[in-house]
Amino acid sequence: MKCLPQTEGKINVVTEVHWTCFVTQEQDEKTYAASDFGVCEFVYRGGNFVDYKDLTPDDVLTWVWSSGVEKSDVEAKVKLKIADLLNPPVVSLALPWSQA
């Protein structure tokens, strides 16, 4: 997270959060992994404030989801990536004339 060292009488004010949704799935003794990521920017304008040292993952994710990132869309996107790894919609084949 990026922070302003001081603003509006507060210290270590979060201005930017880099988030990642990472999922793994086991199938046929293999592990498949997929992720999605993004960046959210914030401007503190007074009001409610949580000291940086007291922030929790739930606090920060609440900010991310309330900033316009749709949790259900992110989760669906990552699930689709896993599904595509398990059952690829497109495959690369060797050239037919180069097979022995």
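Mentor: Welcome! A pocket here is an open set of grid points with protein on both sides within 12 Å along at least five of seven lines. Keep in mind that this model is predicted.

Trainee: What volume does the largest pocket have?
Mentor: Let's start with what surrounds that space. The lining of the largest pocket counts 14 residues, and V14, Y44, N48, F49 and W63 are the closest to its centre. As for the volume of the largest pocket, the value is about 260 Å³.

Trainee: Which element gives the most to the lining of the largest pocket?
Mentor: Good one to follow up. V14 is among the lining residues closest to the pocket's centre. With 3 residues, the element that gives the most to this lining is strand 2.

Trainee: Why are the buried residues of helix 2 on the same side?
Mentor: Helix 2 runs over residues 71-86 and reaches 23 Å from its first C-alpha to its last, close to the 22 Å expected. Its buried residues are V74, V78, I82 and L86. They share one side of helix 2 because the arc they cover around the axis is only 120 degrees.

Trainee: Which residues are exposed on the other side of helix 2?
Mentor: First, picture the covered side: strand 2, strand 3 and helix 1 are included in what covers the buried residues. Exposed means over 50% relative accessible area. On the other side of helix 2, the exposed residues are D73 and L80.

Trainee: Which residues does V64 touch, leaving out those up to four places away in sequence?
Mentor: V64 belongs to the largest nonpolar core, which has 16 residues, and is one of those with the most contacts inside it. Strand 2, strand 3, helix 1 and helix 2 each supply at least two residues of this core. The residues V64 touches are V17, W19, C40, F42 and V69.

Key:
Residues numbered from 1 in each chain as written. Predicted model: local features only at pLDDT ≥ 70, side-chain atom pairs only at ≥ 80, totals over all residues. Heavy atoms only, no water. Helix = DSSP H or I, 4+ residues; strand = E, 2+ residues; numbered from the N terminus. Expected span 1.5 Å × (residues − 1). Buried < 20%, exposed > 50% of the residue type's maximum accessible area, 1.4 Å probe, protein only. Arc of directions from axis to C-beta. Contact = heavy atoms within 4.5 Å. Core = buried A, V, L, I, M, F, W, Y, C linked by side-chain atoms within 4.5 Å. 1 Å grid on protein atoms, 1.4 Å probe; cavity = no way out; pocket = protein on both sides within 12 Å on 5 of 7 lines; lining within 4 Å. Points joined across faces, edges and corners; volume = space filled by probe spheres on them.
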